[in-house]
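Take the model one sheet at a time, then look at the spaces between its parts. Keep the structure open as you read.

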Amino acid sequence: MRNMRTSTIAGISTPIGNAGVGIIRISGPQAVSIVSRCFDEPLVPRVATLGIISTHEFSDTVLVIHFPAPRSFTGEDVVEIQAHGGSFLLQKILDHVLVLGAELATPGEFSKRAFLNGKLSLDMAEAIIETITAESEAHLRSTSAVHGGRLREMLASFERALVAVAAQIEATLDYPEHDIEHATRAAIRPHVESTVAQITDLIGTAHQGRLFANGVQVAVLGRPNVGKSSLFNAILGRDRSIVTNIEGTTTDTISESIPYRGLRLVFNDTAGIRTATGEIEKIGITRTKKTISESDVVLVIFDGPSDDEILAMANGKPTIIALNKCDIISHENRNGIIVSAKTGENIEKLKESIYQMAIGGQTLTAEMAITNTRHLAELSHAHACLASALIALDDELSLDLVAGDITDALAHIGNITGTHTSDAVIDEIFSRFCLGK
């Protein structure tokens with residue numbers, strides 16, 4: 001890794017493509033001097049300055065803002081150039097900044113510098129990416145809470161409690177002649193139990209967090225010509241799947257999502273289930289089975305009597321039956337939601353049923369939930385360590401073993417915030433970020 005104290009990095013922070021405005025970000029000790037050599041106005045801290053930026057080939061009217069260290073995103077001197085948003089223009093300005101002494105930023109390097117300079121914890125930095133990619137209201141609110149430091153505050157409270165427990169154990173082990181081991185065991189147990197309970201509650205948000213992040217995955221299943229693709233299109237409110245009277249039209253899984261009550265409902269229109277007549281259709285049906293295994297809800301569509309073979313393919317997944325074509329077929333005395341892809345009857349009822357089945361009768365608070373699988377894994381490991389500590393206390397095993405479990409739990413919590421995370425893990429996390437962030 002290059003030396004942050006001496007290197008200055010630059011990158012385009014807005015998406016590639018033509019737009020009204022594009023931003024070039026420069027961060028490091030030479031940021032001000034580099035921009036001052038191509039900008040015709042003096043830079044005033046935290047003031048947007050209008051002026052002309054010039055290269056050897058052209059000039060452009062831009063706004064420039066200087067954020068002095070340490071009160072900047074990265075904790076370093078940062079200068080942002082807001083130019084006209086042509087991709088070629090922005091690249092040319094960036095090229096000139098690089099000629100003047102800046103180095104091209106790697107993906108996520110600005111955020112990585114913010115983390116290394118203590119402006120962000122690792123969990124807050126990871127929440128930036130989720131905030132950028134969030135596609136539902138619930139996901140955005142949850143990641144914003146993490147980015148705002150709410151998760152960090154909870155983890156800090158766990159760390160304080162466990163550090164106090166570890167210190168009490170260490171004091172007891174250092175002075176065995178005082179014979180206070182029994183009292184220590186009784187004193188620390190409630191603190192360990194309380195932390196375990198809080199971590200359990202936090203882990204319990206992961207189901208909602210997964211729905212926030214990934215959406216409700218719905219496998220749309222049925223025989224050919226039951227109106228599966230027509231219903232898929234009706235739910236989406238637009239023509240997405242090809243609809244014909246020819247069997248086997250849908251040979252691959254087609255996925256589209258819609259927003260619904262703060263979540264995304266992701267509908268996966270699968271290949272019609274029948275005896276495959278060709279290699280492509282066989283692959284399509286194999287993918288259908290994979291889609292079912294990865295789904296939260298299976299939507300089975302019939303236009304006639306129920307089909308036990310199709311229902312069996314749901315493989316125990318939460319299943320909703322939609323009885324289609326009610327505009328031309330009577331479905332009296334049958335179990336399922338009676339719908340019509342043609343007229344739109346009960347489409348909203350179908351969406352609500354899918355939503356309710358996915359959340360399992362819970363109330364989605366849209367508060368902070370664990371949406372990051374790495375965080376979930378580390379919390380689960382910390383929980384296991386503390387559960388082991390409680391067993392050691394119950395069995396009156398050595399306090400050294402309890403102390404080891406506490407230390408391991410603290411390490412896993414620190415892996416979330418970044419206080420114990422290895423450089424390799426940090427590098428891998430920030431490599432997922434986009435250029436300019």
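Strand β5 is mostly covered, with six of its eight residues buried. This is a predicted model, and β5 is a good place to enter it. The strand spans residues 78-85. On one side β5 pairs with β2 and on the other with β4, as the order of the sheet, β3-β4-β5-β2-β1-β6, shows. That sheet is open, has six strands and mixes its pairing. Strands of a sheet pair through backbone hydrogen bonds, either parallel or antiparallel.

Start with the β2 side. Eight bridges hold β2 to β5, and the two strands run antiparallel. Two pairs let you trace the register. Alanine 19 has glycine 85 of β5 as its bridge partner. Isoleucine 24 is matched with isoleucine 81, also in β5.

Now turn to the β4 side. Here β4 and β5 pair over five bridges, again in the antiparallel sense. Phenylalanine 67 faces valine 78 of β5 across this pairing. Step outward from β4 and you reach β3. Six bridges connect β3 with β4, residues 59-67, and the direction is antiparallel. Serine 54 has serine 59 of β4 as its bridge partner. Strand β3 (49-54) is an edge strand, pairing on one side only.

Go back to β2 and move the other way. Strands β1 and β2 are antiparallel and share four bridges. Glycine 11 has arginine 25 of β2 as its partner. Six residues lie between these strands in their hairpin, and among them glycine 17 takes a positive phi near 135°. Past β1 comes β6 in the strand order. Strand β6 (103-104) is the other edge, so to speak: it too pairs on one side only.

What lies across this sheet? Helix α2, residues 87-99, lies across β1, β2, β3, β4, β5 and β6. Its direction makes about 150° with that of β5. Helix α3, residues 109-116, lies across β1, β2 and β6. Against β1, helix α3 runs at about 135°.

Strand β1 and helix α2 also meet at an open space. Both give two or more residues to the lining of the second largest pocket. About 230 Å³ of space lies in this pocket. Its lining has 13 residues, and those nearest the centre are Ile12, Thr14, Ile16, Leu435 and Gly436. What classes make up this lining? Eight of the residues are nonpolar, five are polar and none is charged.

Next comes another sheet. It is open too, with six strands in the order β8-β9-β7-β10-β11-β12 and mixed pairing. Its edge strands are β8 (254-260) and β12 (337-338), each of which pairs on one side only. Inside the sheet, β7 (residues 216-222) and β9 (residues 263-269) run parallel and are joined by five bridges. Glutamine 217 has valine 266 of β9 as its bridge partner.

Helix α8, residues 206-214, packs on this sheet and touches β7 and β9. The directions of α8 and β9 make an angle of about 70°. Which residues of α8 are buried? They are Ala206, Gln208, Gly209, Leu211, Phe212 and Ala213. Just after the helix, glycine 215 takes a positive phi of about 80°.

Finish with the enclosed space. How many cavities of 30 Å³ or more does the whole structure hold? A search finds one. The largest cavity has a volume of about 70 Å³. Helices α4 (122-133) and α5 (137-147) each give two or more residues to its lining. The lining includes Asp123, Ala127 and Glu130. Ser142, Thr143 and Val146 line the cavity as well. Leu151 is another lining residue, and so are Ala369, Ile370, Thr371, Asn372 and His375. By class, five lining residues of this cavity are nonpolar, five are polar and two are charged.

Notes. Residues numbered from 1 in each chain as written. Predicted model: local features only at pLDDT ≥ 70, side-chain atom pairs only at ≥ 80, totals over all residues. Heavy atoms only, no water. Pairing = 2+ DSSP bridges. Contact = heavy atoms within 4.5 Å. Axes fitted to C-alpha atoms, helices over the stretch in contact; angles between N-to-C directions. 1 Å grid on protein atoms, 1.4 Å probe; cavity = no way out; pocket = protein on both sides within 12 Å on 5 of 7 lines; lining within 4 Å. Points joined across faces, edges and corners; volume = space filled by probe spheres on them. Nonpolar A, V, L, I, M, F, W, Y, C, P; charged D, E, K, R; others polar. Buried < 20%, exposed > 50% of the residue type's maximum accessible area, 1.4 Å probe, protein only.
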